[in-house]
Amino acid sequence: MSTKLNNLKVAILVADNFEQVEMTKPREALEKAGAKVYLISPKKTVKGCHHDKPGDEFSVDVLLDDANANDYGALLLPGGVFNPDHLRTLPNAIHFIHKIVAAQKPVAAICHGPWTLINAEAVKGRTLTSWPSIKVDLMNAGAHWVDKEVVRDGNLVTSRKPGDIPAFNQAMIELFSEAI
């Protein structure tokens, strides 16, 4: 195991029907790089999905109601359509994200994950990418949207889809290593 992330505590915030590969592959990369990763959700167990098909069930490490943004050095926001759409309706999820962003901690978001950043008021003036269907939402919130495999803007890294995961993971590890 690498020690590039040297026990950095990383929060992964999800709700049911997150795009499973957008959580599992980045989590594996983070753990391999030495991070301590915590799955945070409103429920004790959470289900992934494979696009429009059911995925696996995962045990949650920390319930969202018990999570304190000050305890984490970085945040990962996987996509899937239903996951961020649900999270952005939860005040405690948006508060958690907002606290991470306000503390200028690094954030990595993929696919529909940046949707939650709109509600956390974290995209205005930022350049990012996402799944194309939320492009207009991001632009309406003041973001500059580009169609690229991975985009880094300061302490924010974003990608479009599962096919971008290798580049996303590399950029995320690099960004998160700067937080140590």
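This report describes the aromatic contacts, a helix, backbone angles and the largest pocket of a predicted model.

**Aromatic rings**

A pair of aromatic rings is described by the distance of the centres and the angle of the planes. In this model the count comes to three aromatic pairs. One of them joins Tyr 38 and Tyr 72: the ring centres are 5.7 Å apart and the planes stand at 65°, so the pair is edge-to-face, the term used for angles over 60 degrees. The two residues come from distant parts of the chain, 34 residues apart. Tyr 38 belongs to strand β3 (residues 36-41), whereas Tyr 72 is in the loop between β6 (62-63) and β7 (74-77). Their surroundings can also be described: Tyr 38 is partly exposed, at 23% relative accessibility, while Tyr 72 is buried, with a relative accessible area of 6%. Ring pairs also bring in Phe 96, so that a cluster of Tyr 38, Tyr 72 and Phe 96 is formed.

Charged side chains lie over the faces of two rings, as tabulated here.

| Charged residue | Ring | Distance from ring centre |
|---|---|---|
| Lys 9 | Tyr 38 | 5.3 Å |
| Arg 88 | Trp 115 | 4.2 Å |

Tyr 38 thus has Lys 9 over its face and is also a member of the ring cluster.

**Helix α1**

Helix α1 covers residues 20-32. At 1.5 Å a residue, its 13 residues should span 18 Å, and the C-alpha atoms at its ends are 18 Å apart, so the expected and modelled spans agree. Buried residues in α1 are Gln 20, Glu 22, Met 23, Thr 24, Pro 26, Ala 29 and Leu 30. Just after the helix, Gly 34 adopts a positive phi of about 100°.

**Positive phi in residues other than glycine**

Most residues other than glycine have a negative phi. Asn 17 has a positive value, near 65°, and is found in the loop between β1 (9-13) and β2 (18-19). With 32% relative accessibility, Asn 17 counts as partly exposed. His 51 likewise has a positive phi, near 60°. This histidine lies in the loop between β4 (45-50) and β5 (53-59), and His 51 is exposed, with a relative accessible area of 64%.

**The largest pocket**

His 51 appears again in the largest pocket, being listed with Glu 19, Asp 52, Gly 80 and Val 81 as the lining residues nearest its centre. The volume of this pocket is about 230 Å³. Its lining comprises 13 residues, which divide into six nonpolar, four polar and three charged.

Key: Residues are numbered from 1 along each chain as its sequence is written. This is a predicted model: local features need pLDDT of at least 70, side-chain atom pairs count only at pLDDT 80 or more; totals for chains, interfaces and linings use all residues. Side-chain values use heavy atoms; hydrogens and water are left out. On a 1 Å grid over the protein atoms alone, a cavity is a set of points where a 1.4 Å probe fits but cannot get out, and a pocket is an open set with protein on both sides within 12 Å along at least five of seven lines; lining residues have an atom within 4 Å of a point. Grid points are joined across faces, edges and corners, and a volume is the space filled by probe spheres set on the points. Ala, Val, Leu, Ile, Met, Phe, Trp, Tyr, Cys and Pro count as nonpolar, Asp, Glu, Lys and Arg as charged, and the others, Gly among them, as polar. Rings of Phe, Tyr and Trp (its six-membered ring) pair if their centres lie within 6.5 Å; planes under 30 degrees apart count as stacked, over 60 as edge-to-face and the rest as tilted. Helices (H or I, at least four residues) and strands (E, at least two) are DSSP runs, numbered from the N terminus. Buried means under 20% relative accessible area, exposed over 50%, partly exposed in between (1.4 Å probe, protein chains only). A charge sits over a ring if NZ of Lys or CZ of Arg is within 6 Å of the ring centre and within 35 degrees of the ring normal. The expected span of a helix is 1.5 Å times one less than its number of residues.
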